[in-house]
Amino acid sequence: MNDNSTPLLQLDSVGINFGGLRAVDDLNLSIKKGDVVGLIGPNGAGKTTVFNLITGVYKPTDGVIRWKGEPISGLPPYRIAQRRILRTFQTIRLFSGMSVLENVLAGQHMETHQTWLSGLLSLPKQRREEKALRKSCMEILEQLDLASIAHEEATSLPYGIQRRVEMARTLAAKPELLILDEPAAGLNDSESVELNKTILGIRDQGVTVILVEHDMNVVMNVTDHICVINFGRKIAEGGPEDIRNNPQVIEAYLGSDDDDDEEAA
Ligand SMILES: Nc1ncnc2c1ncn2[C@@H]1O[C@H](COP(=O)(O)OP(=O)(O)OP(=O)(O)O)[C@@H](O)[C@H]1O
Ligand SMILES: [Mg+2]
């Protein structure tokens, strides 16, 4: 296998049982470097569970997950995060009592090489490192249009902005694969349009993205490839157009009461 043929991330017949419930079943998924992949399906389909499997929160009952060809399933979450497979959560998890910038700086802890002692003594090397970190965090805040509120307390900001802060914090740890669990949840229409631009901007910087999202305006406009699951099983896979027109998908998920996808054309 060479670099071009090895997918960045590969799920090979992955399954997990929770007691009697088969939450994910025989899931095969291959993600190429540079792609934006959508994982969609009805509530309870198993989407977040797939993310928990990829990030090591759960160990698959069956199958293997490979990162650049190397099995990673079963590794603890911190070992997976060290490979720069990084996520946001379906429910926001920001640190309260800390500013936007401090929250984003916290995301960069993996980038620092300072030791306890150099931190205590505030050595010149450590001060330089800290300055560089702040600079790169401010650049991320600029990119996500958060720079003007860098010093406001993160958890007292409106929900849509908190979601962006969470994304900024994850970006600060320099993901190679960015995993977004419902990034548009709770966003208004203009915020979700902004989110599309943000996601494409992140992709343009060379980050591969996998996202779970119910907002079809986001899914249809930013993804290169979509995997649809229902009851833990893949029911369809393909480009946005294939998925939009797939009768099985329309029946299982898009349904007649979801007219959002028409606007996404
Ligand atoms: N730790 C767990 N223990 C037992 N059952 C679980 C656990 N985590 C998830 N489940 C079950 O697995 C199924 C899939 O849940 P999951 O959260 O992955 O769905 P989802 O597709 O993310 O749904 P939503 O769109 O509502 O976020 C559900 O039936 C859920 O109740
Ligand atoms: Mg979920």
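Which residue is the bridge partner of Asp12 in E4? I started my notebook with this question, and I found that the partner of Asp12 in that strand is Val64. I keep in mind throughout that the model is predicted.

**Entry 1, the whole chain.** Before going further into the strands I looked up the overall figures, and the protein has 265 residues, of which 49% count as buried. I counted its secondary structure as 11 helices and 10 strands. For the surface I noted an exposed area of about 12900 Å², with carbon and sulfur atoms supplying 50% of it. I also looked at contacts between residues at least 6 apart in sequence, and 66% of these join residues at least 24 apart.

**Entry 2, the sheet.** I then returned to E1 and E4, which pair in the antiparallel sense over 5 bridges. On its pairing with E2, I noted that strand E1 covers residues 9-18 and strand E2 covers residues 21-31, and that these two are antiparallel as well, with 7 bridges between them. Tracing the neighbours gave me an open sheet of 4 strands in the order E2-E1-E4-E5, with antiparallel pairing. E2 and strand E5 (70-71) stand at the edges with a single partner strand each, so one side of each is left without a neighbour in the sheet.

**Entry 3, the hairpin.** Following E1 into E2, I looked up two of the bridges: Gln10 has Ser30 as its partner in E2, and Phe18 has Leu21. The hairpin of E1 and E2 has 2 residues between the strands, and there I found Gly19 with a positive phi near 60°.

**Entry 4, the helix over the strands.** Next I looked at helix H1, which spans residues 47-54, and I saw that H1 lies across E1, E2 and E4, running at about 115° to E1.

**Entry 5, a surface patch.** Phe18 and Leu21 came up again when I turned to the surface, where they join Val57 and Tyr58 in making a nonpolar patch of about 340 Å². I looked up where Val57 sits, and its place is in the loop between helix H1 and strand E4, the latter being residues 62-67. Is Val57 buried, or is it partly exposed? I found a relative accessible area of 45% for Val57, which means that this residue is partly exposed. I end on Phe18 and Leu21, which are bridge partners in the pairing of E1 with E2 and are also among the residues that make the patch.

Definitions and conventions:
Residues are numbered from 1 along each chain as its sequence is written. Chains are lettered from A and ligands numbered from 1 in the order in which they are written. This is a predicted model: local features need pLDDT of at least 70, side-chain atom pairs count only at pLDDT 80 or more; totals for chains, interfaces and linings use all residues. Side-chain values use heavy atoms; hydrogens and water are left out. Patches are made of residues with over 30% relative accessible area and no salt bridge: like charges are joined within 9 Å, nonpolar side chains (Val, Leu, Ile, Met, Phe, Trp, Tyr) within 5 Å. Accessible areas come from the Shrake-Rupley method with a 1.4 Å probe; for residues, only the protein chains shown count as cover. A salt bridge is a side-chain nitrogen of Lys or Arg within 4 Å of a carboxyl oxygen of Asp or Glu. Buried means under 20% relative accessible area, exposed over 50%, partly exposed in between (1.4 Å probe, protein chains only). Two strands pair if DSSP finds at least two bridges between them. Contact means heavy atoms within 4.5 Å. Axes are lines fitted to C-alpha atoms, for helices over the stretch in contact, and angles run from 0 to 180 degrees between N-to-C directions.
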